[in-house]
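Got your viewer open? Load the model below, and we'll walk through it one selection at a time.

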Amino acid sequence: MRRETVARPDAIRRHNLGLLLGHVHRDGELTRAQLTQRLALSRSTIGALVADLTESGLLDERVPNGGERAGRPSHVVAPREDGPYAVAVDVDVSRVSCAAVGIGGHVLARHAVANTEPASARLTATLIAESIDALAQQMKPGAWPVGIGVSVPGTVSRTDAMVEFAPNLGWRDEPFGKLLSSVVPEGFAVAVGNDADVAMMAEHLRGAARDCDDAVFLMGRIGVGAGVIANGSPLRGRDGHAGEVGHNVVDASGPRCHCGKRGCVETYVGDKALLKLAGRRRLPTSESVAALFADARGGDERAATAVRTVARSLGHTVATLVNVLNPERVILGGSLAGVFEFAADEVAAAMDEYAMSVAHEAVQLCTPGLGADSTLLGSAELAFARLLADPLAR
Ligand SMILES: [Zn+2]
């Protein structure tokens, strides 16, 4: 009992440290006056919290110059480039992209490895472990990693970072979190999530859904999946598999899907469908898909028709999501952003046809506010979660 009463003030302080760090992490540099207002704490308490965070090497504080006139300018609290960073990883079928992401969501360094075919879970873990060093070499002296956050295009168990099913990677029941932990330096915390889920998280924090508590991120690469924010919180489902719309069957006599079924959404909306419709035999990579979009814009009629055809299937998929989830915003990521930019009219026409009018009227479609980095920045959030929850627990 005695221990509990002694611990309480410390617990409150740690909670407040996490809140303060969270504000600077989401919004970048803020003045002490802004922090005082946001946290509704006294100026002296904010001063003490800032001192704790600067002494721990988590944040920097400086006095803005040019304060010649009467009145003291408020100190500015900011992320530091030689402070903590997350090793963020986006595992895709043709590429493993890694980045060092600092407090504030700034990408400080990048490293990517292209694959001609999907890498096994073990090889992927090794590639990531090698990337940790490649990133560290680009960082300022003194900067230190808080852990690794990895996103994969598949279903990930909430409890043990097991990748249960990633059909386009060819992974099934891979203990990926454990595999990765066994090859990275000791003490490195590892977190794994689904690519669309983490992209949604990043867009909700700083991107196109920042001010919006009911949103869907529909990710389309080779596979298709959705991340959902409902009433301000991630919608996960019992096991963490909510949003696997890519394997909803549209037509049971349709094309064979990697998952074993026929006519799944991703056989109509994913990158393979796009390239096939355009008559291209190239591997589905971000480069081959970008080239197809460029050709469509340049007047290549077959490429343009392929994008419009996919746009209609995309509109149908979005209509289903809108009917079920009634979101305020649907963010179209990966190659779906390119489809939407080129053929928004076709997407809208299919939505008119398939969505219930009430839900349809309320929804806005858009592309990611964080560009192509939503997934990487969301992966970084997986790694930052522990630090933000308790900044002094290192
Ligand atoms: Zn499927």
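Start by colouring the protein chain by domain: domain 1 covers 2–79, domain 2 takes 84–198 + 374–389, and domain 3 runs over 209–368. These bounds come from an automatic or database domain assignment. Put a distance between the centres of domain 1 and domain 3, taken over C-alpha atoms, and you get 42 Å.

Two housekeeping notes before zooming in. This is a predicted model, in which local features need pLDDT of at least 70 and side-chain atom pairs count only at pLDDT 80 or more, while totals for chains, interfaces and linings use all residues. Residues are numbered from 1 along each chain as its sequence is written, and side-chain values use heavy atoms, with hydrogens and water left out.

**Stop one: a three-stranded sheet**

Select strands 1, 2 and 3, which make up an open sheet with the order 1-3-2 and antiparallel pairing. Strand 1 and strand 2 are the edge strands, each pairing on one side only. Strands here are DSSP runs (E, at least two residues), as are helices (H or I, at least four), both numbered from the N terminus; two strands pair if DSSP finds at least two bridges between them.

Strand 1 (residues 30–31) is joined to strand 3 (residues 76–79) by two bridges. Show Leu30 and look across: Val77 of strand 3 stands opposite. On the other side, strand 2 (residues 59–62) runs antiparallel to strand 3, with four bridges. Among the partners to pick out, Asp60 is matched with Ala78 and Arg62 with Val76.

**Stop two: rings and a charge**

Now select Trp171 and Phe176. The structure holds one aromatic pair, and here it is: the ring centres are 5.1 Å apart with the planes at 40°, so the pair is tilted. (Rings of Phe, Tyr and Trp, the last by its six-membered ring, pair if their centres lie within 6.5 Å; planes under 30 degrees apart are stacked, over 60 edge-to-face, and the rest tilted.) Trp171 and Phe176 are both buried, where buried means under 20% relative accessible area, exposed over 50% and partly exposed in between (1.4 Å probe, protein chains only).

Add Arg172 and Phe165 to the selection. Arg172 lies over the face of Phe165, 4.2 Å from the ring centre; the test is NZ of Lys or CZ of Arg within 6 Å of the ring centre and within 35 degrees of the ring normal.

Then click Asp173, found in strand 10 (residues 171–174). Its phi is near 50°, a positive value in a residue other than glycine.

**Stop three: the zinc ion**

Which protein atoms are the donors of the zinc ion? Show His247 (ND1), Cys257 (SG), Cys259 (SG) and Cys264 (SG), lying 2.0 to 2.3 Å from the ion. Donors are N, O and S atoms within 2.8 Å of the metal (3.2 Å for Na, K and Ca), and water is not among the atoms, so sites may look incomplete. Along the chain, the donors follow the spacing H-x9-C-x1-C-x4-C.

The angles among the four donor atoms are 104 to 121°, and the site is tetrahedral. Four donors earn that label if all angles lie between 85 and 135 degrees. Cys257 is buried at 6% relative accessible area, and Cys259 also counts as buried, at 18%.

**Last stop: Asn326 and helix 11**

Asn326 sits in the loop between helix 10 (301–325) and strand 15 (329–334). Phi of Asn326 is near 50°, again positive in a non-glycine residue, and Asn326 is partly exposed at 46%.

Finish on helix 11 (residues 335–342), where six of the eight residues are buried, so the helix is largely enclosed by the rest of the structure. Select Ser335, Leu336, Ala337, Gly338, Val339 and Phe340 to see the buried ones.

Terms used: Tetrahedral: all angles 85-135°; square planar, octahedral: opposite > 155°, others 65-115°.
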